[in-house]
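Could you walk me through this structure stop by stop? I have it open in a viewer and would like to know what to select next and what is there.

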Amino acid sequence: MTTHKIVLIPGDGIGPEVTAAVRRVLAAAHAPVEWIEQQAGLAALAAGDEVLPPQTLEAIERYQVALKGPCTTPVGEGFTSVNVQLRKRLNLYAAVRPVRTLEGVPSRFSDVDLIIVRENTEGLYSGVENQVTDDVVMSMKVATKSACLRIARWAFRFATRRQRRKITVFHKANIMKMTDGLFLRCARQIHQHEYPNIEYQEMIIDTGCMRLVQDPTQFDVLLLENLYGDVVSDLCAGLVGGLGVVPGANFGDQQAVFEAVHGSAPDLAGKGIANPLALLMSAVMMLNHLADTREDAACRATAERIKAAYNRALQEGKRTRDLGGDLSTEAFADAVIERLP
Ligand code: ATP
């Protein structure tokens, strides 16, 4: 059996707790992975390193796949987000967040099945900000044709492979005519010339958000630029039970980094009550990615077993506090382990 070397970044806040729980589940499931632990974020700073140490980047470049806990980003000052830096430095241009209703998780809707595809490298997250005068600051939204075409092509290819029927682009091209206009033109071009069989729809983002909370089942794959993708991911998490149940992955042409949509939740750190499920679901996505890219059937089988185990745990009412239950991080991990087929 092949063992895959995977970079593991515990991260900050609840990161070390949820990554430890996920490691335990994967070990119990005999997942064919060997962890190469690296630091990033406040944990790296505390160890006397940069927030994104070169050895962490090198390890991901070398081993190609990473599982990452959340890293804290200081608000309004301090260093650039580690998450943003990592995505830009490794060119992880496509973020994917599947948002699905889970049986046993209380939520407003019963049949949500959405996939968010977010452009991960530019837009307002380019970090081009200027102090114009003492009282005026500016932030530049950047859109390049190559990045817009690249994410549109990625989204349509992904939708085709996953047998999804429709892509909806959320935009604000009525106001941001140049940047969002380019994003739309590129998506239209890829649809018309390369994937005409996938249904294509455009929606102004404010209308899109209203429709999402009215009836999320009308959407299938959502394609968004960076900032909209960030905000709409959390909105969609709210449709299915919250941030504790939405996994994610960041793909480049070479590397892939798997991480939950949620952040480091400093309010919960050290209490042992965070939900490890979003990161566990991200680890399942990682195993499926290994199965796809390295043709390793053992990874697919392990992913299926873990998925079956957490689905059963939830169906039997095993839940952490964010989902209305009373289990600790570790107790939920144990509940999953006990139900591994
Ligand atoms: P960061 O600055 O790292 O993004 P944040 O607290 O601003 O951190 P999130 O970490 O995404 O943002 O969390 C928002 C809130 O959602 C948290 O305060 C927490 O109550 C809840 N939350 C997020 N993730 C989880 C989780 N895994 N389990 C339970 N609650 C969570």
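Start with the ligand, and select what surrounds it: 13 residues in this predicted model. The closest are Gly263, Ser264, Ala265, Asp267 and Asn275. Zoom in on glycine 263, where a backbone N or O atom lies 2.7 Å from an oxygen atom of the ligand. Serine 264 also uses its backbone: one of its polar backbone atoms is 2.7 Å from an oxygen atom of the ligand. Now turn to asparagine 275, which has a polar backbone atom 2.9 Å from a nitrogen atom of the ligand. If you switch on a surface, keep this in mind: on its own the ligand has 610 Å² of accessible area, and the protein covers 66% of that.

**Next stop: threonine 320**

Select threonine 320, in the loop between α10 (297-315) and α11. Is threonine 320 buried or exposed? Its relative accessible area is 1%, so threonine 320 counts as buried. Show its contacts, leaving out residues up to four places away in sequence, and you will find Ile273, Ala274, Asn275 and Pro276. Gly325, Asp326, Leu327, Ser328 and Phe332 touch threonine 320 as well. You have already met Asn275, one of the residues closest to the ligand.

**Then on to strand β4**

Highlight residues 94-100, which make up strand β4. Six of these seven residues are buried, so the strand is largely enclosed by the rest of the structure. Which strands pair with β4? Strand β5 (residues 113-119) pairs with β4 in the antiparallel sense over seven bridges. To see one of these pairings, select proline 98 together with its bridge partner in β5, isoleucine 115. Strand β11 (residues 249-251) also pairs with β4 in the antiparallel sense, here over three bridges. For this pairing, pick alanine 94 and its partner in β11, phenylalanine 251. While you have strands on screen, a general point may help: in a regular strand the side chains alternate between the two faces of the sheet.

**Last stop: the salt bridges**

How many salt bridges does a search of the whole structure find? The search finds 18, and a few of them make good places to pause.

Begin with glutamate 37 and arginine 23, whose side chains meet with N and O 3.0 Å apart. Glutamate 37 lies in strand β2 (residues 33-37) and arginine 23 in helix α1 (residues 15-28), so this salt bridge ties together parts that are 14 residues apart in sequence. Both ends are partly exposed: glutamate 37 has a relative accessibility of 43%, and arginine 23 has 31%.

Move along to arginine 24, which forms a salt bridge with glutamate 330 at 2.5 Å, N to O. Arginine 24 is in helix α1 and glutamate 330 in helix α11 (residues 329-338), so the pair ties together parts that are 306 residues apart in sequence. Glutamate 330, at 33% relative accessibility, is partly exposed, and arginine 24 is partly exposed too, at 31%.

Now select aspartate 180 and lysine 141, a salt bridge whose closest N and O atoms are 2.8 Å apart. This one links helix α6 (residues 179-194), home of aspartate 180, to strand β7 (residues 137-142), home of lysine 141, across 39 residues. Here both partners are buried.

To finish, select Arg100, Asp113, Arg164 and Asp220 together: salt bridges that share partners join them into one network.

Technical notes. Residues are numbered from 1 along each chain as its sequence is written. This is a predicted model: local features need pLDDT of at least 70, side-chain atom pairs count only at pLDDT 80 or more; totals for chains, interfaces and linings use all residues. Side-chain values use heavy atoms; hydrogens and water are left out. A salt bridge is a side-chain nitrogen of Lys or Arg within 4 Å of a carboxyl oxygen of Asp or Glu. Helices (H or I, at least four residues) and strands (E, at least two) are DSSP runs, numbered from the N terminus. Buried means under 20% relative accessible area, exposed over 50%, partly exposed in between (1.4 Å probe, protein chains only). Contact means heavy atoms within 4.5 Å. Two strands pair if DSSP finds at least two bridges between them. A residue is near a molecule or strand if one of its heavy atoms lies within 4 Å of it. A polar contact is a pair of N or O atoms within 3.5 Å; within protein, one must be able to donate a hydrogen and the other to accept it, and residues adjacent in sequence count only if both atoms are side-chain atoms. Accessible areas come from the Shrake-Rupley method with a 1.4 Å probe; for residues, only the protein chains shown count as cover.
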